[in-house]
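Work through the exercises below with the sequence and the model side by side, and try each task before reading its solution.

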Amino acid sequence: MGLVSLRSLPPSIKQYLLITGNYWAFTLTDGALRMLVVLYFHQLGYSPLNIAMLFLFYEIFGVITNLIGGWLGARLGLNNTMNIGLGLQIVALAMLTVPADMLTVVYVMAAQALSGIAKDLNKMSAKSAIKTLVPADAEGKLYQWVALLTGSKNALKGVGFFLGGVLLTGLGFRGAIMLMATLLGIVWLFSLVTLKDDLGKAKNKPKFKDIFSKSRAINLLSAARMFLFGARDVWFVVALPVFLATTFGWDHWWVGGFMASWVIGYGIVQSIAPYFTGKRQGKVPSGRAAFAWASYLLLIPAAIALTLHFDFYIQVTLIAGLLLFGAVFAINSSLHSYLIVSYASSDGVSLDVGFYYMANAMGRLMGTVLSGWVFQEYGLEACLWISSSFVALAALISLKLPHKG
């Protein structure tokens, strides 16, 4: 019955559902893998900075992949880049199934490099594909589809964080990785035969030099995105889970559960972000909205840092504050995700989207390294002050974005 219903859907809806399902499956393994690596290596006695270094190649290769992946998507088709991403993630997971004594820092960094390439190929392909499925004059629909894809992905990433903690407790590191690789392999085989062959392929084959955006709006939005995501990851990637485990004494279940709840809530808010940013008035957001929402966001990590400094009900204020940060950050992220797809050229959309997510990956790289180093040297409070400063920079850059929706 489900297959019959799927076949009766319009081609654009069918492809959207296939892309979203593919993206969901990948995201579950990506979130679970991140939590598994953080908790497992913390359990082995690694310092926060060393744990951050395990993700260094993940983020570095994410930068490179987004820059080159957009060009590949425009030449090869987004179906191919999406499937390549899934295949590489399976290889990365398989690499981590070796005996524990082989899991050296360099080896895990290499596996994470492959995972970083895989994640950003998959994400770039999914976000770019939506532009090709929505009519040019349907900006409101485009915003809703982008928000739904992004929000649902992040909700499932949160589920992945929770699964990572549960699987580590129940199956151990190696058993959890083997299960994820097997299930993702089934999804990959299905994806190979169902995605449309020419999805997102540019009519005019772009040259390699075209990977750098010539659009002022896209360059500005990319710079704002870099600082926005650096502001999240500077406390989220390493500092927060280690802080929860050491200062509050939480076990794997509690840490994974809180991180999961944060990302699930963040994803839900992303999905409904259009209702907060103009849909009820029949409007789509502009650069002015990006500035306004970034301005709201910058106050939150500063306020949390002050509560830590004055030792004011730390557990309650930290958790409540970070949940509020997640909600406002989600609206900022959803706004940005819509604006890049809206600004991007229809022919070879993946070039512009790839360049933008290269900046996103730069922000994650910057945030990840700082999360380990700053937390180890100065603590969570310093991470939060840096977070607030980065959001302020994102807000200032957003002032220069086009103000017409």
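**Exercise 1: a serine in a helix**

Serine 333 is found in helix α12, which covers residues 314–343, a helix being a DSSP run of H or I with at least four residues, numbered from the N terminus. The model is a predicted one, in which local features need pLDDT of at least 70 and side-chain atom pairs count only at pLDDT 80 or more, while totals for chains, interfaces and linings use all residues. Residues are numbered from 1 along each chain as its sequence is written, and side-chain values use heavy atoms, with hydrogens and water left out.

Task: decide whether serine 333 counts as buried or exposed, and find which residues it touches.

Solution: Begin with the cut-offs, by which buried means under 20% relative accessible area, exposed means over 50%, and partly exposed lies in between, with a 1.4 Å probe and protein chains only. Serine 333 has a relative accessibility of 1%, and therefore counts as buried. Next, look for contacts (heavy atoms within 4.5 Å): leaving aside residues up to four places away in sequence, serine 333 touches Arg225, Leu228, Phe229, Tyr266 and Gln270.

**Exercise 2: a salt bridge**

Task: find how many salt bridges the structure holds, and which residues form a salt bridge.

Solution: Side chains of opposite charge can pair when their charged atoms come close. The rule asks for a side-chain nitrogen of Lys or Arg within 4 Å of a carboxyl oxygen of Asp or Glu. The structure holds one salt bridge; arginine 232 forms it with aspartate 233, and their closest N and O atoms are 2.7 Å apart. As a last step, check accessibility, which shows that both arginine 232 and aspartate 233 are buried.

**Exercise 3: positive phi values**

Task: in the loop between α11 and α12, examine aspartate 311 and tyrosine 313, and decide whether aspartate 311 and tyrosine 313 are buried or exposed.

Solution: Start from the general rule that most residues other than glycine have a negative phi. Aspartate 311 lies in the loop that follows α11 (287–309) and leads to α12, and its phi is near 55°, a positive value in a residue other than glycine. Tyrosine 313 also lies in the loop between α11 and α12, and the phi of tyrosine 313 is near 45°, again positive in a residue that is not glycine. Turning to accessibility, aspartate 311 has a relative accessible area of 55% and so is exposed, while tyrosine 313, at 62% relative accessibility, counts as exposed.

Terms used. Helices (H or I, at least four residues) and strands (E, at least two) are DSSP runs, numbered from the N terminus.
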